[in-house]
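Subject: A structure for you to explore

Hi there,

Here is the structure I promised to pass on to you. Have a look at it first, and then read my notes below with the model open beside you.

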Amino acid sequence: MLKPDQIPAHIGARRQSMPVNNPTTEGKSLKHPAAKAPKIFADTGTIDEIRPLLEAGIINGVTTNPTLMKRAGATSWSQAKEMMQEIVTLMAPYPVSLELTELQADKMIAQAEALAAFGSNVVIKVPVGGYEAVDPALDKNTGLKVLHALWKRDIQTNATLIFNSTQALFAAQAGASYVSPFLGRLADYMYKHDAVEMASGNALYYLEDHKGTKENSRQHNTAYVANAGSRMDAGVRLIHEITTIFANYDITTEVLAASFRNGVQIPECLLCGADILTIPAPLLMGVADHPLTNEGMKSFVEDSKAFES
Ligand code: E4P
């Protein structure tokens with residue numbers, strides 16, 4: 001497990017230079033105690049999941065994608081747009097990421113402009129790559145081109161489907177406001193395809209405690225990835241790598257850790273200096289739960305009965 005004192009000074013300094021996320025409410029004399037805390041977003045397209053989290057002051061942003069919109073019940077693009085508009089209005093002024101569905105640069109830019117008109121808190125989510133995989137006729141740099149074109153138009157963007165730090169750097173170079181590394185999918189992949197024969201040094205396959213034998217490494221890495229423990233979790237390593245690179249080069253694109261699988265990954269990403277964590281609503285709804293909290297609460301309530309007249 002990472003210890004707080006292991007946070008490198010340069011990552012700490014970067015966090016200090018990032019914008020205030022929880023401003024003190026106008027007119028209040030007390031300062032908000034978590035003004036510089038990382039932002040927590042809900043990763044969902046379901047407005048009923050968003051409302052209670054917003055009311056509890058847990059979230060200050062939302063991320064959606066086509067899969068989440070489909071899961072939320074959208075069966076057409078016009079319905080998806082209506083649902084996204086509602087989320088944008090509810091969340092204002094907090095940022096809401098809406099993902100493009102077009103695949104050609106000119107159409108993507110037009111779609112981005114239409115979605116951006118939903119509100120000044122809209123962030124356009126652009127897949128960083130994968131275009132050629134969907135259609136070999138498409139330009140593989142479509143995502144970066146669109147990010148750059150939207151930067152020129154002063155439209156906020158979130159480069160999504162990031163799986164290594166080079167993609168993150170290139171997205172930042174193109175002008176992305178946020179990058180979204182998918183830590184959970186990376187850990188899932190490692191768990192399924194743990195290939196220790198791959199050279200270390202690649203973020204995807206880095207083995208921190210390589211013992212020199214294939215068997216040892218496979219066993220150790222797989223166990224850690226499965227438990228989401230320490231920095232040997234490939235996803236957490238990726239977040240750490242990106243925040244370090246961004247801190248070293250004073251890149252202000254925000255690192256939005258995405259694709260969470262469990263609660264352990266939350267403090268680990270915080271200790272790695274992530275700027276934002278976007279977390280599935282069911283995981284966020286459980287933040288106030290802990291077996292010992294439940295036990296303690298029951299005993300306090302039980303003992304308070306002694307005061308009933
Ligand atoms: C992020 O913005 C994505 O919507 C999301 O975190 C993907 O998560 P998944 O891997 O659980 O689909």
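**Starting from one residue**

Let's begin with F41, which sits in strand β1, residues 39-43. Please keep in mind throughout that this is a predicted model.

Is F41 buried or exposed? With a relative accessible area of 1%, F41 is buried. If you click on F41 and look around, you will find contacts with residues from several stretches of the chain, leaving aside neighbours within four places in sequence. Among them are I59, N60, G61, V62 and T63, and also P95, L256 and I276. N60 is a nice example to try: the C-alpha atoms of F41 and N60 are 5.8 Å apart in space, although 19 residues separate the two in sequence.

**The chain as a whole**

Now zoom out. The chain has 309 residues, and 45% of them are buried. You can trace 14 helices and eight strands along the way. Taking the contacts with a separation of 6 or more, 60% are between residues 24 or more positions apart.

How confident is the predictor? The average pLDDT for the chain is 85, and 83% of the residues score at least 70. Two stretches deserve caution. Over residues 1-5 the pLDDT stays under 50, and the model has ten contacts beyond four places in sequence for them. Residues 215-230 also stay under 50, with 37 such contacts in the model.

**The nonpolar cores**

In soluble globular proteins, nonpolar side chains tend to be buried together. Here, the largest nonpolar core has 62 residues. Which residues have the most contacts inside this core? They are I59, I124, V126 and V179.

I124 is worth a closer look. Not counting residues up to four places away in sequence, I124 touches L98, L100, A112, L115 and A116, as well as L150, I155, Q156, T157 and N158. There is also a second, separate core, made of five residues. Our starting residue F41 belongs to this second core, which also includes V123, L256 and I276.

**Strand β6 and its partner**

V179 turns up again in strand β6, where both faces are covered. In a regular strand the side chains alternate between the two faces of the sheet. In β6, Y178 and S180 are on one side, V179 and P181 are on the other, and all of these are buried. β6 pairs with β5 in the parallel sense, over three bridges. Opposite V179 in β6 you will find A159.

**Salt bridges**

Side chains of opposite charge can pair when their charged atoms come close. The count in this model comes to nine salt bridges. My favourite place to look is the network that links R14, R15 and D275.

- R14 and D275 meet through their side chains at 2.9 Å, N to O. R14 lies in helix α1 (residues 9-17) and D275 in the loop between α12 (265-271) and β8 (276-279), so this pair ties together parts that are 261 residues apart in sequence.
- D275 also meets R15, at 2.8 Å, N to O. R15 is in helix α1 too, so this second pair ties together parts that are 260 residues apart in sequence.

Are these charged residues buried or exposed? D275 is buried, with a relative accessible area of 0%. R14 counts as buried at 7%, and R15 counts as buried at 11%.

For another setting, turn to R51 and D48, whose closest N and O atoms are 2.9 Å apart in a salt bridge. These two are three residues apart in helix α2 (residues 47-55), which means that about one helical turn separates them. R51 is partly exposed, with a relative accessible area of 35%, and D48 counts as exposed at 56%.

**The aromatic pair**

Finally, the count comes to one aromatic pair. F163 and F182 form this pair in an edge-to-face arrangement, 5.8 Å centre to centre, with 65° between the planes. F163 is in the loop between β5 (157-162) and α8 (165-174), and F182 is in the loop between β6 (178-181) and α9 (183-193), so the pair links parts of the chain that are 19 residues apart. F163 counts as partly exposed at 25%, while F182 is buried at 8%.

Enjoy exploring!

Best wishes

Terms used. Residues numbered from 1 in each chain as written. Predicted model: local features only at pLDDT ≥ 70, side-chain atom pairs only at ≥ 80, totals over all residues. Heavy atoms only, no water. pLDDT = per-residue confidence, 0-100. Contact = heavy atoms within 4.5 Å. Core = buried A, V, L, I, M, F, W, Y, C linked by side-chain atoms within 4.5 Å. Buried < 20%, exposed > 50% of the residue type's maximum accessible area, 1.4 Å probe, protein only. Salt bridge = Lys/Arg side-chain N within 4 Å of Asp/Glu carboxyl O. Helix = DSSP H or I, 4+ residues; strand = E, 2+ residues; numbered from the N terminus. Phe/Tyr/Trp six-rings, centres within 6.5 Å; stacked < 30°, edge-to-face > 60°. Pairing = 2+ DSSP bridges.
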